[in-house]
Amino acid sequence: MIDNLPYRQVGTDDLRPGGLLCVADHASNFVPEDIELGIDPALLDQHIAVDIGVEGIADRLARRHNIPAHIACVSRLVCDFHRTEDDPAVVPTESDGRLVAGNIGANVEARLDRFHRPYHDALSKLISRVQPRMIVALHSFTPKMKTSDEDRPWEVSLLYNQDDRAARHAIRLFGEQGLTVGDNEPYSGKELNATMDRHAEAAGIPYCTVEIRQDQIVNEAGQARWAVMLADVMGRVALEV
């Protein structure tokens with residue numbers, strides 16, 4: 001965390017209103033020293049703690065493609081920014097079959113005050129200042145869950161709740177790149193779309209929630225490739241909505 005803030009913002013100086021804005025809720029695996037999760041530290045490098053590859057893409061979008069980014073600086077196991085405040089999983093006690101024992105009986109209100117509310121308050125203020133034409137919510141998913149034998153064949157997926165304006169264009173454009181594209185897969189945005197429900201749909205701002213399969217973006221080469229492709233596709237989508 002920088003200055004004890006649960007987020008950082010990149011490329012947000014001297015912005016012109018009406019462009020794209022990137023949001024990365026699960027970009028970090030950082031756990032503050034005063035929080036004990038009660039898990040094997042090796043799990044912090046796995047998907048239950050962080051959306052692998054997302055931070056590198058968000059940074060590249062901001063620094064090289066002029067798409068400012070609001071990036072989480074705390075692990076989703078500490079506080080999940082992509083949940084509503086009243087969701088029991090906002091401070092998860094298990095994830096993909098793994099017990100997070102240190103969160104059992106945790107002071108959820110204190111976690112919300114320290115992490116969740118500052119993160120979303122800052123995002124709200126940034127959106128008011130930037131007035132984005134479209135928001136890109138960036139996530140990644142595993143090729144297979146520990147608790148399931150089912151493979152996930154999609155290289156990229158678009159999630160949405162009620163507003164599918166941007167997602168429909170993005171699905172078509174990614175398909176034209178020769179990619180296997182999921183439509184509200186491997187989970188549905190109609191069931192979990194907390195950040196975009198709050199900051200995009202509620203304000204009538206078009207958005208794309210982009211989920212990239214993690215084996216595509218585990219290294220810098222993959223992250224650079226996807227940053228270029230996202231900047232191109234999302235820029236074209238924004239012209240259509």
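A disulfide is a pair of cysteine sulfur atoms within 2.5 Å. Keep that cut-off in mind as we look at this predicted model, starting with its cysteines.

## Cysteines that stay apart

How many disulfides does a search of the whole structure find? The search finds zero. Take C73 as an example: the closest cysteine sulfur belongs to C22 and is 13 Å away, so the two are too far apart for a bond. C79 is in no disulfide either, since its nearest cysteine sulfur, that of C73, is 13 Å away.

Are these two residues buried or exposed? C73 has a relative accessible area of 9%, so C73 is buried. C79 is at 0% relative accessibility and therefore counts as buried too.

## The chain as a whole

Now let us step back. The chain holds five helices and nine strands. If you follow the sequence from its start, these elements come in the order β-β-α-β-β-β-α-β-β-α-β-α-β-α.

How does the chain's radius of gyration compare with that of a compact globule? For 241 residues, a compact globule would have a radius of gyration near 18 Å; the chain has 17 Å, which agrees. Along the principal axes, the C-alpha atoms fill a box of roughly 45 × 40 × 35 Å.

Of the 241 residues, 54% count as buried. The accessible surface comes to about 10900 Å², and carbon and sulfur atoms account for 45% of that surface. There is also a lot to learn from contacts between residues at least 6 apart in sequence: 81% of them join residues at least 24 apart.

## The core and helix 5

In soluble globular proteins, nonpolar side chains tend to be buried together. In this model, the largest nonpolar core has 73 residues, and those with the most contacts inside it are F174, V210, W226, L230 and M234. Helix 5, residues 220-240, gives this core its largest share, nine residues.

Helix 5 deserves a closer look. How far apart are its end C-alpha atoms? They are 30 Å apart, and this agrees with the expected span: at 1.5 Å a residue, the 21 residues of helix 5 should span 30 Å.

The buried residues of helix 5 include G222, Q223, W226, L230, M234 and A238. An α-helix has 3.6 residues a turn, so residues three or four places apart point the same way. What covers the buried residues of helix 5? The cover includes strand 2 (20-24), strand 6 (134-141), strand 7 (156-159) and strand 9 (207-213), along with helix 1 (54-64) and helix 3 (165-176).

W226 shows what this packing looks like for one residue. Leaving out residues up to four places away in sequence, W226 touches I57, E155, V156, F174, L179, I212, Q216 and I217. One of these partners, F174, is, like W226, among the residues with the most contacts inside the core.

## A buried histidine

H139 sits in strand 6. With a relative accessible area of 3%, H139 is buried. Which residues does H139 touch, not counting those up to four places away in sequence? They are D25, H26, D51, V54, H82, T209, V210, E211 and I212. One of them, V210, also appeared among the residues with the most contacts inside the core.

## Out on the surface, and two unusual angles

D3 comes in the segment before strand 1 (7-10). P88 lies in the loop between strand 3 (69-72) and strand 4 (94-95). From C-alpha to C-alpha, D3 is 28 Å from T209, with their places 206 residues apart in sequence. P88 and N161 are 73 residues apart in sequence and 20 Å apart in space, again C-alpha to C-alpha.

Two residues that are not glycines have a positive phi. Q131 has a phi of about 50 degrees, and N184 has one of about 55 degrees. Q131 is in the loop between helix 2 (108-130) and strand 6, while N184 is in the loop between strand 8 (181-183) and helix 4 (194-199).

Here are the four residues of this section side by side:

| Residue | Relative accessible area | State |
|---|---|---|
| D3 | 68% | exposed |
| P88 | 72% | exposed |
| Q131 | 51% | exposed |
| N184 | 10% | buried |

Methods:
Residues numbered from 1 in each chain as written. Predicted model: local features only at pLDDT ≥ 70, side-chain atom pairs only at ≥ 80, totals over all residues. Heavy atoms only, no water. Core = buried A, V, L, I, M, F, W, Y, C linked by side-chain atoms within 4.5 Å. Buried < 20%, exposed > 50% of the residue type's maximum accessible area, 1.4 Å probe, protein only. Helix = DSSP H or I, 4+ residues; strand = E, 2+ residues; numbered from the N terminus. Contact = heavy atoms within 4.5 Å. Expected span 1.5 Å × (residues − 1). Rg over C-alpha atoms; globule rule 2.2 N^0.38 Å. Areas by Shrake-Rupley, 256 points an atom, 1.4 Å probe, with all protein chains shown as cover.
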